[in-house]
Amino acid sequence: MVAKSFSTEFGKPCIWIEDIFVKQEFQGKGIGTRFLDYIEQKYPNRIFRLEVEKYNRNAIKLYKKSGYDFLPYMEMKKRCKTLEYKYRTQY
């Protein structure tokens with residue numbers, strides 16, 4: 001899945017790549033590389049961002065091979081309880 005946004009940090013449209021999962025028996029067969037190549041061709045002239053867990057060495061190897069670098073900072077988040085509650089009670 002990908003999410004489109006605009007990166008003020010990089011001054012151009014941004015594509016967030018979310019939730020890539022390749023079953024272990026299919027890893028190492030080029031599926032991840034082909035997926036990343038496809039996304040880059042589909043969305044030219046963009047910044048591509050993704051998150052990866054420290055322990056996921058195979059994914060890190062794939063992303064580095066595909067030209068991704070680590071950012072020099074950590075990301076943070078906060079859940080808005082008011083909106084979560086409102087959403088749950090509406091449906």
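So, which residues does isoleucine 20 touch, not counting those up to four places away in sequence? Phe35, Leu36 and Tyr63. Keep in mind that this is a predicted model.

Let me place that residue for you. Isoleucine 20 sits in the loop between strand E2, residues 12–17, and helix H1, residues 31–42. Take its partner leucine 36: the two are 16 residues apart in sequence, and C-alpha to C-alpha they are 9.8 Å apart in space. And is isoleucine 20 buried or exposed? Neither, really: its relative accessibility is 31%, so we call isoleucine 20 partly exposed.

Okay, on to arginine 49. You'll find arginine 49 in strand E3, residues 47–50. Now, arginine 49 has a relative accessible area of 11%, and the cut-off for buried is under 20%, so arginine 49 counts as buried.

What does its side chain do in there? The arginine 49 side chain has a polar contact of 3.0 Å with the side chain of tyrosine 73. There's also one at 3.4 Å, to the side chain of glutamate 75. Leaving out residues up to four places away in sequence, the contacts of arginine 49 include Trp16, Leu71 and Phe10.

That brings me to phenylalanine 10, in the loop between strand E1, residues 2–7, and E2. Phenylalanine 10 comes out at 37% relative accessible area, so this one is partly exposed. On the surface, Phe10 joins Leu71 and Tyr73 in a nonpolar patch of about 250 Å². And yes, that's the tyrosine 73 whose side chain makes the polar contact with arginine 49; arginine 49 also touches Phe10 and Leu71.

That's my tour, thanks.

Conventions
Residues are numbered from 1 along each chain as its sequence is written. This is a predicted model: local features need pLDDT of at least 70, side-chain atom pairs count only at pLDDT 80 or more; totals for chains, interfaces and linings use all residues. Side-chain values use heavy atoms; hydrogens and water are left out. Helices (H or I, at least four residues) and strands (E, at least two) are DSSP runs, numbered from the N terminus. Buried means under 20% relative accessible area, exposed over 50%, partly exposed in between (1.4 Å probe, protein chains only). Contact means heavy atoms within 4.5 Å. Patches are made of residues with over 30% relative accessible area and no salt bridge: like charges are joined within 9 Å, nonpolar side chains (Val, Leu, Ile, Met, Phe, Trp, Tyr) within 5 Å. Accessible areas come from the Shrake-Rupley method with a 1.4 Å probe; for residues, only the protein chains shown count as cover. A salt bridge is a side-chain nitrogen of Lys or Arg within 4 Å of a carboxyl oxygen of Asp or Glu. A polar contact is a pair of N or O atoms within 3.5 Å; within protein, one must be able to donate a hydrogen and the other to accept it, and residues adjacent in sequence count only if both atoms are side-chain atoms.
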